[in-house]
Amino acid sequence: SNSNSNSNSNSNNDNNNKRQQRKQGNGRNKQQQPQQANSKKKDDMSQNQNQNHQGTRPLVNMGFSEAAARQAMQRFHGNVQRAADHLLSTVSSSAGAPRHRPTPQGNPTTQQQQLSASISTIRKTHPSVHVPPTLQQKSKQEQIFRCTNRLEKYPHAIDTLNKTIQRVRQNPKDRKYWTIDCSIPAVQKLIATPGAFDFLQAMNYQRTHNNRNILKLQYYDAATMYMGTLALGQCQLESSVYHQAKQLQNFVQEVHSILDNDDNQTTDKIQQEHLKQVPSSNHNGGGSPIFIYFEGMEQLPPNGKKYFTRNFDGDDTLEDVLHWLAGNYGTKCWDHLIDQNPKWQLMDKNQINPKPMNLSSTGNDDAYAFDGQNVLHKTLQYLGFWPSGKLVIRPSPLSSGGTASQRQQQAADNQDVTVASSNTVSVVA
């Protein structure tokens with residue numbers, strides 16, 4: 001019995017020892033499992049980082065920053081092509097923009113070299129993408145004519161540039177005509193005109209390093225000067241856009257002179273005669289306002305408003321309105337509208353694409369409103385200007401092409417410059 005009890009106790013001890021060993025083994029396994037998982041994650045992350053680091057090399061070689069390249073590789077899980085596409089699509093942003101060394105101001109050669117290098121890199125990586133050439137990469141002739149086309153809406157800039165180039169051509173050896181002072185307000189306004197500075201650059205003008213307010217002709221080239229005067233001269237003679245803008249500019253100047261200076265004794269008597277024919281303004285609350293605008297003018301002297309206005313009755317005529325305008329603001333307003341060949345036109349501002357009203361001649365004409373009939377003596381209610389009407393005065397259209405003397409002068413000038421351009425001589429500044 002003692003032997004049996006000893007054997008049972010030994011077996012129990014063995015079983016307890018085995019249980020303790022199993023528990024200890026399970027504990028070690030549980031501790032080793034998260035350690036192995038963490039080490040595996042670290043190995044995977046380091047492997048991914050190595051792959052991303054290796055994948056960023058072509059992106060860095062393309063000119064992108066290493067931080068932007070690494071971020072793109074992590075975003076697209078190591079796909080170099082997708083990362084490159086993403087960076088190229090966001091090339092305008094500061095985070096993904098290719099690195100470039102700062103270039104000194106006024107050194108276009110270095111900037112052109114860097115631009116050419118960037119374009120060649122994009123062509124290698126994206127052969128289907130075609131980068132359009134910049135204006136400076138085009139020929140001189142195309143630069144000059146493109147800038148002139150942009151300037152045709154600004155006749156003052158066209159005229160000023162033409163005078164400047166002509167002065168240089170007439171005095172090619174006089175260096176005082178080779179510089180333009182940009183600190184002058186009039187010159188600042190010219191340079192701010194779209195296309196003016198690019199035109200001067202095409203004519204070989206550049207800012208000086210010592211004074212950025214000075215534009216200086218780098219060298220005199222007869223052929224370039226010829227192309228500049230030819231482009232500007234053709235614009236002045238043939239461009240309908242230039243003619244319309246020039247006519248409107250002259251119209252605004254004339255209106256200002258009429259409203260500011262029409263105050264001599266003769267015109268005062270004529271104005272009084274006009275005012276005698278205007279009906280009384282005492283309408284006892286029954287009149288309605290008529291507004292008169294001048295095209296291209298935001299402020300009219302002397303009060304600075306955009307329009308002139310007065311109350312009229314429905315049975316008042318359009319002639320009464322024009323008598324009031326001439327009596328108060330200038331007799332030339334009447335003369336330019338009622339003449340057989342009127343310099344100005346009167347239109348309904350409330351209509352889209354309105355036709356001018358016939359105020360002088362009779363007969364049907366599709367070019368005029370109301371079937372071409374003379375509407376000077378028609379009532380405001382008949383014309384649709386009552387109980388409220390808005391009238392606008394604008395210059396009458398002129399035929400394009402310029403006068404015969406202008407065409408002859410331009411032809412002679414072109415012939416003279418053609419001879420000079422056949423023997424191009426460059427004077428180095």
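Tutor: Start with a definition: two strands count as paired if DSSP finds at least two bridges between them. The model here is a predicted one.

Student: Which residue in S6 is the bridge partner of isoleucine 292?

Tutor: Phenylalanine 308 is the partner of isoleucine 292. Strand S5, residues 288–294, and S6 run antiparallel and are joined by six bridges.

Student: What is the order of the strands in the open sheet?

Tutor: Its four strands are arranged S6-S5-S8-S7, and the pairing is mixed.

Student: Why is one side of S6 and of S7 left without a neighbour in the sheet?

Tutor: Strand S6 (307–312) and strand S7 (344–348) each have a single partner strand because they stand at the edges. On average, neighbouring strands of this sheet are turned by 25° against each other, with direction ignored.

Student: Now the helices. Which strands does helix H10 lie across?

Tutor: Helix H10, residues 240–261, lies across S5, S6, S7 and strand S8 (389–395). Its direction is at about 110° to S8. Helix H12 (residues 318–329) also packs on the sheet, where H12 touches S5, S6, S7 and S8. The direction of H12 makes about 130° with that of S6.

Student: How many residues does the largest nonpolar core have?

Tutor: A nonpolar core is a set of buried residues of certain nonpolar kinds, joined through side-chain atoms within 4.5 Å. The largest one in this model has 36 residues. Those with the most contacts inside it are Phe294, Leu318, Trp344, Leu346, Met357, Leu359 and Ile393.

Student: Which helices and strands each supply at least two residues of this core?

Tutor: H10, S5, S6, H12, helix H13 (331–338), S7, helix H14 (380–383) and S8 do. H12 gives the largest share, seven residues. There is also a second, separate core of 32 residues, which includes Ala196, Phe199, Ala202 and Leu217.

Student: Which residues is isoleucine 393 in contact with, leaving aside its neighbours within four places in sequence?

Tutor: Among them are Phe251, Ile292, Phe294, Leu325, Trp344 and Leu346.

Student: Take one residue of H10. Is valine 255 buried or exposed?

Tutor: Buried means under 20% relative accessible area. Valine 255, found in helix H10, has 1% relative accessibility, so valine 255 counts as buried.

Student: What does valine 255 touch, not counting residues up to four places away in sequence?

Tutor: Valine 255 touches Phe294, Met297 and Trp344. As for distance, the C-alpha atoms of valine 255 and proline 301 are separated by 9.4 Å, and these two residues are 46 residues apart along the chain.

Note on methods. Residues numbered from 1 in each chain as written. Predicted model: local features only at pLDDT ≥ 70, side-chain atom pairs only at ≥ 80, totals over all residues. Heavy atoms only, no water. Axes fitted to C-alpha atoms, helices over the stretch in contact; angles between N-to-C directions. Contact = heavy atoms within 4.5 Å. Buried < 20%, exposed > 50% of the residue type's maximum accessible area, 1.4 Å probe, protein only.
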